[in-house]
Amino acid sequence: MAASDTSTPAAAGNAHEFSVSELSFALKKTVEDTYGHVRVRGEITGYRGPHSSGHCYFGLKDDKARIDAVIWKGNFGKLRFKPEEGMEAIATGRLTTYPGSSKYQIVIEHLEPAGAGALMALLEARRKKLAAEGLFAPERKRALPFLPDVVGVVTSPTGAVIRDILHRLADRFPRHVLVWPVRVQGETSAAEVAAAIEGFNRMEKGGKLPRPDLIIVARGGGSIEDLWSFNEEIVVRAAAASAIPLISAVGHETDTTLIDFAADRRAPTPTAAAEMAVPVRADLIAEVQDRARRLMRAEARTIETARNELRGLARGLPRLTDIVALPRQRFDAASERLGRALARAAEVKRATLHRVEGRLSVTPIERRIAEARRRTGELGVRALAAEKRLVADNARRLDGAAKLLESYSYQGVLKRGYAVVRDGAGKPIRSGADQKAGAPLDIEFAEDRLGAVVAGTPEKPRPAPKSKPDSPQGSLL
């Protein structure tokens, strides 16, 4: 059938009349039926994060065209890779239209970086593995020192990164900086970065080189391949095991590596890492001066307020003369009454004494003295008799003890005709066998003493002969 000519008014009048909604939804159905499932490659543009509703709206573009894109809230949380501004990505989803503005758009169900799918999959798997080991746990993060004395920097010794860090530290608060030079890209880069972190931690305090109080691991931006060294496990584990607080400053703000998760703080740029490391010295000085001024003003206000309050309280107090006037008057009246009362009391006591004086007599006192003397005499006689009895008893006991002592004494034995023989040292001799010829002796008798000398060694008594054992038949005698 030939196509109808709609260029003439008649032909136009014969064409089917659509409402705006009908035409929009017809186009929507045609687009969705024709392009139900597509993969689109392009650069993400206009991405500002999720909307307040939770949905994400942005665009995909190349050098000639642009297409709107949307990720619904329910699907956004399931994405393994979140969109980032300027990222080259491959989006998989459904093509549809938005009748409200006559635009077509892709509803993204899956998103992955273009050209780096394998690397990104490996990166995600490694991230989950290390996270499961607790290397990225928030409770492991340590606070950065407020003002480190020494800052250790792990980066390339050449390039803009180290210059930016040194320049920003010098501007904010000059500190002692130790640079551990490493390759930040290439095959040996990961091992060098890990060794640098571990080397800073092995430095001893008080050594030839001061031990850093803070470590910055820094590198400039680049592709995922360029930054891959900072995704290696050896680097991530070294950062997590560092006893020194560590700041990760790898790449630009949109770049993310696994060391960022293990570090105590992540800086979007190396310059930002230097800003995190130290405060601004001028700001601290200004703040201290401002607080000092505020403190002085507050102190002055406090003193002035207290002075005003004291003045107000002083005005409310009565005068000193008014305070003491009434007590002084009462004191004068009391002292006058006291004098009169003392005089009356003395008269009453004097009169009482005169009355008692008349009733006093010496006779009772004399009788009591005589009785005491009599009793004292009796006690003296009794004490003298008791003393004589005690002396007689002690004499009898002493005489008995002397007789007993004499009966036990060796002098009594001497009186019966015995003698005591002593050697030259005055020790009694019990046996003559131990005395040598010529040894001096002292012999004590009952009445006198006599000296002697040993004439010869005395013969030892011969032992009695042993008797022969009895015969089994017994003795006949």
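How much space lies in the second largest pocket? I would like to begin there, and I should say at once that what we are looking at is a predicted model. The answer is about 190 Å³, and the lining is made up of Tyr57, Phe58, Gly59, Arg66, Asp68, Ala69, Val70, Trp72, Tyr98 and Gln105. If we sort those lining residues by character, six are nonpolar, two are polar and two are charged. Strand E2, residues 56-61, and strand E3, residues 66-71, each contribute at least two residues to this lining, and E3 gives the largest share, with four.

Those two strands bring us to the sheet they belong to, which is a closed barrel of five strands running E1-E2-E3-E5-E4, with mixed pairing. On average, and ignoring direction, neighbouring strands in this sheet are turned by 55° against each other. Within the barrel, strand E4, residues 88-98, runs antiparallel to strand E5, residues 103-113, and 10 bridges join the two; to pick out one position, Thr97 has Tyr104 in E5 as its bridge partner.

Please turn now to the other sheet on my list, which is open and has five strands in the order E7-E6-E8-E9-E10, paired in parallel. Its edges are strand E7, at 176-181, and strand E10, at 265-266, each of which pairs on one side only. Further in, strand E8, residues 214-219, and strand E9, residues 246-250, are paired in the parallel sense over five bridges, and there Ala218 has Ala249 in E9 as its bridge partner.

Let me finish with the salt bridges, of which the count comes to 25. In one of them, the side chains of Glu233 and Lys129 meet with an N to O distance of 2.9 Å. Because Glu233 lies in helix H7, residues 233-241, and Lys129 in helix H4, residues 117-132, this pair ties together parts that are 104 residues apart in sequence. Glu233 is partly exposed, at 23% relative accessible area, and Lys129 is also partly exposed, at 41%. Both residues belong to a network of salt bridges that links Lys129, Glu133, Glu233 and Arg237.

A more local case is the salt bridge between the side chains of Glu371 and Arg374, at 2.3 Å from N to O; these residues are three apart in helix H12, residues 363-408, so about one helical turn separates them. Finally, Asp442 forms a salt bridge with Arg449, with the closest N and O atoms 2.6 Å apart, and here Asp442 is partly exposed at 21% relative accessibility, while Arg449 is partly exposed at 48%.

Key:
Residues numbered from 1 in each chain as written. Predicted model: local features only at pLDDT ≥ 70, side-chain atom pairs only at ≥ 80, totals over all residues. Heavy atoms only, no water. Pairing = 2+ DSSP bridges. Axes fitted to C-alpha atoms, helices over the stretch in contact; angles between N-to-C directions. 1 Å grid on protein atoms, 1.4 Å probe; cavity = no way out; pocket = protein on both sides within 12 Å on 5 of 7 lines; lining within 4 Å. Points joined across faces, edges and corners; volume = space filled by probe spheres on them. Nonpolar A, V, L, I, M, F, W, Y, C, P; charged D, E, K, R; others polar. Salt bridge = Lys/Arg side-chain N within 4 Å of Asp/Glu carboxyl O. Buried < 20%, exposed > 50% of the residue type's maximum accessible area, 1.4 Å probe, protein only.
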